[in-house]
Amino acid sequence: MDDDVLILFLALLALAIPVCAIAGLMIALSARKRLDLMQKRLASIEAMLAGTSPVQPASTQQPVEAVRESESEIAPEPEVVTAPTKPSVPSVAATAPSQTAKPQAGLEERIGSRWAVWVGGLALALGGLFLVRYSIEQDLLGPVARIAAGFVFSALLLGAGEWLRRREEPLALPGFDAANVPGILTAAGTSTAFATTYAAYGLYDLIGPGFAFTLLGAVAALTMLASILHGPALAALGLVAALGSPLLVSSENPQPWVLVVYLGFTVLASYGVARLRLWRWLAMAGAVGALAWTGPIFLINLFDPLPAMVHLVVQIALAGVFLVAEPHRNASDEHARIDRFASAILFAFAVAAVLVSETIHASDGRPFFIGIVALILLVLGIRFAPAAPAVASAMFTVVGALTVWPIRHELQADPQSFFYDSGTDLFAVRPDALASYLTLAAALPLLIGAANLWRLARGRMLRLAIAVWYAGAASVGPLLVLVVAYWRVAAFERSLSFALIAGFLALFFLAATVWLRRQESETLDSVKLGVGACASAALAALALGLVFALDKGILTVAFALAAFGTAWVAERTGIPALRYAVGAIGLIVLGRLAWDPTIVSGSPGSTIIVNWLLWGYGVPALAFFLASRLLERQGRDRVVRFVESLSIVFAAFLVFFEIRHAVQGGDILAPTTDHLEFGLLVASSFAFSLLLVRTDASRPDAVYRYGSMIFKTISVVLAIGGLLLVNNPLFTGEKILGGAVVNSLLPAYLLPAILAVLLALQEKGVRPPVYAWISAILGLLLQLTYMVLEIRRIFQGPAIGFWRETGQSEQWTYSVALLVCGMALLALGLLKDIRFARMASAVYLLLAVLKVFIIDLANLEGVMRALSFIGLGLVLIGIGLVYQKFLIQRPTPRFGGPE
């Protein structure tokens, strides 16, 4: 044993040498720093003395004394007495402000005053643990003695901390705060007591689970209470210990009710300490910890969710009292601000309630549980304006519970039921306990909506940022509940019962609108917001009623008509919120269109043009166009542009699907296509772009500008990719429909070519020059392609594939056609002063020259070859004479402009 002690002493001595060296280095550096500071101050004083008058020697001695006193940092600086002849000499304090500044704590001070104390407290706690470990290894004491020694050591630390707290005098060390020695000793004592208690239970089985659980909780609670005197660090330690204690105690028969009671008192203690010391973070941490325990409480017994339900109700009530009611009891509506942290915690509790409700049977009180949670949140949000988002959490609780409500287990009980769909889709089966489901869906949303409307009318000084929560919960909430119930009960099938319910809901919102209008005045923005929200909700309820009563295909039409009706009401009543309601309906319709662009799932009827497509797309296009015109009377804003864009989109879909319907024999979802369909699509896209460019020229707007660009891009892609390449009959061998001249090539190629040229002329001066050049070149390519395909149709018949043999007459006709087109374009360019037409004629003539000298020379024989060269020569000579007569010495015009 003596050898061990000697070795230990030598080891400590060896470790002390570098420690002492480091400490000596730190002290030397600190002394060097102070010496430099005094030298700087002395140099400053000498500089000042050199500039003072020698008339009064006493004045030169005074600053030196002041410097000495300032260095001692005990007596205040005396005033500097200057000579009468030098009244403007500054004082020492003015020239050396660093003397009165509080010095920063250096590394030495921090090590000596703070870190040493913290490390010392940690060493005390670890020392207790190591002492217990040593006693175990050496078998010096029995289990009872070890545990007793641990509690005695803990009590000594706690006593020392309290004694120092009462007798402590603040350290007069400048530049840094004194370390909290009593708090660190108390934390070490509570940690030792906590570890000793767990050792008595987990290591030696000296106490049972129940007593250990109680003792651990008591230690944690006392730690939090001691934090009132010793600071926030001890409070955090106590809260972590309290929330973690149940994890350290295991039992073969866990009792969730004991845990519910324990967590209730633990979180209540954290709220009390937070209230006394104004530590809001401690209250928030306690609420989060209680929320985190919801899952374990529920998992203890999956067949008994009642403890988890009671836990959530208790914790929501406590959070409401200490996070909302107590801090904001005096908050006025005029100066209230949203408490984001408290609102977020209440919403998290609402989410937990929804998840727990999924596994609760109706007989176990699911509607009662959801009702209690929703009402607590509703009361908090209504009573305290800073917690206004709680009303949305209340409505979310109802909507979420109805969404995750379990279905009945007898899937095959009634296969012919109206509510039964396919037998495999669980959500198509009516929910379990349907009467309770419908009662909850009918009662709570109306109660929450009415309470929020009353709050809007009562809160005459509410800020809009808060009033929007009440208006949203009152209007959007009941509509969401209606949609969810329709989904879960009727599986999106036709239901006159739900249509009738939607009608009653529309009457409720209409009555609320009238009532709020009576409360409205010019200064009550919150009431105006409520009027707009209720009016919009009434129209939305009517639209939902149409959806529920009619077939699926009428959904888009119903919403479009509702948007038009809302715009009409907005224009008549002047309610600003209704404008945004029109935009919201437009978003719903846009989502519906993205989900199923065909609207009718591919069954529009067999009649061309006059079919269901005209109703499904034409009516919404007209409705949104008229709605945009009505809303535009009050100003052209983003809502107007969005609604007008929807009208353009529906018009484009109408034309697109009507073309497919006509070409594909009524099958708008046919997987195949041909050159005629592509040509008509390109022509319609060019037409839309042309119309929007003309509109943009007369009344510039972003809708027309970007819309024309989009349609033009579609035209270019379809023309190049479809007409010229993929679906070109010359490459595919597809037969040309119709006769030799009047056939499918006219609408497929010539019509898009004409519209492209017209678009180029319209874009001149409205768009950058490159836009017009692209349109003109594409039109020229389409016209050239039409000419080639038409000549081949005349000579080859309906099948014009390039692999078929080309005769001499056909070859010669191509040359003549190129020359004729070139001469026609030249004449047009000369008569209308269009430079691009003359340039295009040059392209045609160049193609004719290449054709004659390369292809005709090789393939034609006899008189055909001679006629080709003779005709080409005459045409070129004639063009040369025309240019000499009409174009000599003329300036170069812009694209399409006069010369």
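Valine 273 is buried, with just 2% relative accessible area. In this predicted model, Val273 is found in helix 9, which covers residues 256-277. Alanine 283 sits ten residues away from valine 273 in sequence, and the two C-alpha atoms are 8.3 Å apart in space.

Stepping back to the whole chain, the fold is built from helices: there are 31 of them, and zero strands. Of the 899 residues, 44% count as buried. Long-range contacts carry a good deal of the count here, since 71% of the contacts with a separation of 6 or more come from residues 24 or more positions apart. As for the outside, the accessible surface of the chain comes to about 45600 Å², and carbon and sulfur atoms own 69% of that.

Aromatic side chains turn up together in several places, with 16 aromatic pairs in the structure. One of these joins tyrosine 486 and phenylalanine 498 in an edge-to-face arrangement, with 5.7 Å from centre to centre and 70 degrees between the planes. Tyr486 belongs to helix 17 (residues 464-490) and Phe498 to helix 18 (residues 496-519), so this pair ties together parts that are twelve residues apart in sequence. Both partners are tucked away: tyrosine 486 has a relative accessibility of 4%, and because buried means under 20%, it counts as buried. By the same cut-off, phenylalanine 498 also counts as buried, at 6%.

Elsewhere, ring pairs link up into a cluster made of Tyr617, Phe624, Phe650, Phe653, Phe656 and Phe657. A charged side chain also meets a ring in this structure: arginine 488 lies over the face of tryptophan 487, at 5.7 Å from the ring centre.

The surface has its own nonpolar feature. Ile720, Leu725, Val726, Phe731, Phe802 and Trp803 make up a nonpolar patch of about 660 Å². Helix 25, spanning residues 702-726, supplies the largest share of this patch, with three residues. Another member, phenylalanine 802, comes from the loop between helix 28 (769-796) and helix 29 (808-832). Phe802 has a relative accessible area of 51%, and it counts as exposed because the cut-off for that class is over 50%.

Terms used. Residues numbered from 1 in each chain as written. Predicted model: local features only at pLDDT ≥ 70, side-chain atom pairs only at ≥ 80, totals over all residues. Heavy atoms only, no water. Patch = residues over 30% accessible without salt bridge, like charges linked within 9 Å, V, L, I, M, F, W, Y side chains within 5 Å. Areas by Shrake-Rupley, 256 points an atom, 1.4 Å probe, with all protein chains shown as cover. Salt bridge = Lys/Arg side-chain N within 4 Å of Asp/Glu carboxyl O. Helix = DSSP H or I, 4+ residues; strand = E, 2+ residues; numbered from the N terminus. Buried < 20%, exposed > 50% of the residue type's maximum accessible area, 1.4 Å probe, protein only. Contact = heavy atoms within 4.5 Å. Phe/Tyr/Trp six-rings, centres within 6.5 Å; stacked < 30°, edge-to-face > 60°. Lys NZ or Arg CZ within 6 Å of the ring centre and 35° of its normal.
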